[in-house]
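I opened a fresh notebook page today and went looking for charges, rings and a few single residues. Here is what I looked up, in the order I took it.

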Amino acid sequence: SCVHTENCFVPVSEIIAVEETELNKKQRYIGRWQKMAKLHAFTVYYVKKARSHRWRCSDVTFWCVDEHLCNQWIQALKELLEMQKSRPKQLLVYINPYGGKRQGKRIYEQKVAPLFSLASISTDVVITEHANHAKDNLFEVNIYKYDGVVCVGGDGMFSEVMHGLIGRMQKDSGIDQNNPKASLVQCNIRIGIIPAGSTDCICYSTVGISDPVTSALHIIVGDCQPLDVSSVHHNNTFLKYSVSLLGYGFYGDILKDSEKKRWMGPMRYDYSGFKTFLSHHYYEGTIAYQPAKHTHGSPRDKESCRTGCYICKKSEKQLAEQNKEHGLKHEEGEEEWNVIKGKFLAINAVNMSCACPRSPKGLSPAAHLADGSADLILVRKCSRFDFLRYLVRHTNQDDQFDFPFVDVYRVKSFHFTSKLSEDNESNVMDIGKKRFGQFCRDHPACCCNVINSTWNCDGETLDSSAIEVRVHCQLMKLFARGIEENCKDEAAYSQSSIEQLL
């Protein structure tokens with residue numbers, strides 16, 4: 001016989017662990033059975049899905065009088081778990097003890113480590129001591145003995161681990177990262193994000209919630225979500241990788257100003273945002289982009305990226321076929337480049353929606369995680385009031401691209417050259433050799449002397465205003481599954497469930 005408190009179906013893929021259980025007298029519901037015979041029991045720990053994509057570890061205990069039968073069930077379930085080959089057994093964990101509210105170590109030890117232990121995952125933990133500690137360490141350790149790398153922190157910590165892992169892969173494969181046209185080697189070692197920072201945009205956009213327990217459970221069950229990565233170069237020199245936002249103008253200025261006010265904590269973003277909005281600087285420059293012709297979606301089709309996204313799968317296949325037919329070098333050189341000159345308040349390129357609690361749709365609601373493209377959003381010079389109308393639409397359901405001063409393109413690469421940047425040395429596809437540029441508003445009341453804005457690359461500043469950006473399709477993988485449509489009901493339709501097994 002068996003006991004469970006509710007009728008729930010759980011796929012084997014979402015069972016966390018199975019353990020033999022010592023029954024105690026506190027379990028009143030079996031008191032009458034204990035008087036009759038000695039009982040044998042086992043407990044199944046499983047993923048329980050709650051609202052807003054939140055996952056929790058729940059458990060159900062089964063018992064019977066026959067010890068042999070009980071052991072058979074334990075063995076059978078453990079064998080089923082062994083067959084889940086995508087699950088990690090050994091993880092390398094980096095903890096940023098200083099990020100966010102300085103809670104990374106406590107969050108890991110209290111909420112995450114016990115779950116890893118329950119799932120029989122062994123871990124090597126490194127507490128980072130300085131900037132780029134994790135990145136440098138990833139070039140030294142034997143990463144191939146691990147099934148994944150976990151970072152405990154915010155978006156900055158994730159970026160550091162990503163740069164270390166991608167960089168290590170290219171180094172081991174003899175690929176020069178400074179070559180903007182190099183075909184990069186995919187990273188098959190997955191990265192897990194345990195959110196513990198002041199901004200957790202990447203976690204929110206790939207799981208649907210910034211919650212340490214939910215993320216730990218995604219890692220345990222061995223989820224896998226491929227992710228596009230953009231490389232950023234200047235004059236044949238590698239600068240950074242980006243997975244969420246590359247922003248020039250408004251978002252670059254916010255970051256530049258907020259960096260001086262780190263003592264304010266997360267509130268600095270609100271303060272700098274308000275200050276940047278009031279300053280209303282525009283920047284002049286030239287953008288050249290290659291349309292992403294392989295993609296099956298468009299920025300305004302309202303097709304959100306969700307678990308098992310068909311647009312990502314189709315686009316990946318189409319891109320692979322294009323590369324096979326033409327070869328990468330031919331494609332880079334021959335395909336059309338569209339050129340746009342103008343005065344811009346903001347230039348944003350996003351690889352994902354960039355959704356967060358404040359902006360549930362993000363900067364580009366229909367952006368896809370793994371379709372080999374980025375959405376390039378150009379906000380031209382307009383009035384403060386119009387710009388405010390545009391910003392407000394990030395927080396509601398209205399179409400934020402439905403303005404005459406906003407253009408959006410789905411691209412696979414783009415170049416930007418600012419007017420006053422020293423572009424004598426820039427040889428960007430012969431585009432931008434005429435010194436295009438940018439300047440502060442020519443307004444008599446404005447006493448500032450702004451020459452260039454700064455690029456905001458996933459929350460880190462890039463001072464080079466002339467850049468080349470290229471999207472690398474599914475360059476890396478996360479322990480995530482994208483955002484589920486109906487995460488609470490999905491498990492009910494699984495064919496392999498504990499209830500059916502029993």
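**Entry 1: salt bridges.** Before counting, I fixed the criterion: a salt bridge is a side-chain nitrogen of Lys or Arg within 4 Å of a carboxyl oxygen of Asp or Glu. I also kept in mind that this is a predicted model. With that cut-off, the structure holds 19 salt bridges.

I looked up lysine 49 to begin with. Its partner is glutamate 484, and the closest N and O atoms are 3.2 Å apart. This pair links distant parts of the chain, 435 residues apart. Lysine 49 sits in strand β2 (residues 40-49), and glutamate 484 in the loop between β17 (467-478) and α13 (498-501).

Are the two partners buried or exposed? Lysine 49 has 10% relative accessibility, so I noted it as buried. Glutamate 484 is buried too, because its relative accessible area is 5%.

I then asked which residues are linked with this pair in a network of salt bridges. The network consists of Glu14, Lys49, Asp223, Arg481 and Glu484.

**Entry 2: a bridge within one helix.** Next I checked arginine 168, which forms a salt bridge with aspartate 172 at 3.0 Å between the closest N and O atoms. Both residues belong to helix α5 (residues 155-172) and are 4 residues apart, about one turn of the helix. Their cover is not alike: arginine 168 is buried at 9% relative accessible area, whereas aspartate 172 is partly exposed at 40%.

**Entry 3: a bridge between two helices.** I moved on to lysine 275 and aspartate 257, whose side chains meet in a salt bridge of 2.9 Å, N to O. Lysine 275 is in helix α9 (residues 267-279) and aspartate 257 in helix α8 (residues 250-259), 18 residues apart. I wrote down lysine 275 as partly exposed, with 40% relative accessibility. Aspartate 257 is buried, with a relative accessible area of 8%.

**Entry 4: charge on the surface.** I also looked for charges gathered on the surface. I found a patch of negative charge there, made up of Glu20, Glu22, Asp66 and Glu67. I picked glutamate 22 for a second look, and its place is in the loop between β1 (15-21) and α1 (31-36). Why does glutamate 22 count as exposed? Its relative accessibility is 67%, and exposed means over 50%.

**Entry 5: aromatic rings.** My search of the whole structure gave 15 aromatic pairs. I followed up tyrosine 248 and tryptophan 455, a tilted pair with 5.0 Å centre to centre and 40 degrees between the planes. Tyrosine 248 lies in strand β10 (residues 245-249) and tryptophan 455 in strand β15 (residues 455-457), so the pair ties together parts that are 207 residues apart in sequence. Both rings belong to buried residues: tyrosine 248 has 1% relative accessibility, and tryptophan 455 has 0%.

I noted one aromatic cluster as well, formed by Phe250, Tyr251, Phe277, Phe387, Tyr390, Phe403 and Phe405.

**Entry 6: valine 125.** My last stop was valine 125, which is in strand β5 (residues 122-127). It is partly exposed, with a relative accessible area of 41%. How far is its C-alpha atom from that of leucine 92? The two are separated by 6.2 Å, although valine 125 and leucine 92 are 33 residues apart along the chain.

Technical notes. Residues are numbered from 1 along each chain as its sequence is written. This is a predicted model: local features need pLDDT of at least 70, side-chain atom pairs count only at pLDDT 80 or more; totals for chains, interfaces and linings use all residues. Side-chain values use heavy atoms; hydrogens and water are left out. Patches are made of residues with over 30% relative accessible area and no salt bridge: like charges are joined within 9 Å, nonpolar side chains (Val, Leu, Ile, Met, Phe, Trp, Tyr) within 5 Å. Accessible areas come from the Shrake-Rupley method with a 1.4 Å probe; for residues, only the protein chains shown count as cover. Lys and Arg count as positive and Asp and Glu as negative; His and the chain ends are not counted. The place of a charge is taken as NZ of Lys, CZ of Arg, CG of Asp or CD of Glu. Buried means under 20% relative accessible area, exposed over 50%, partly exposed in between (1.4 Å probe, protein chains only). Rings of Phe, Tyr and Trp (its six-membered ring) pair if their centres lie within 6.5 Å; planes under 30 degrees apart count as stacked, over 60 as edge-to-face and the rest as tilted.
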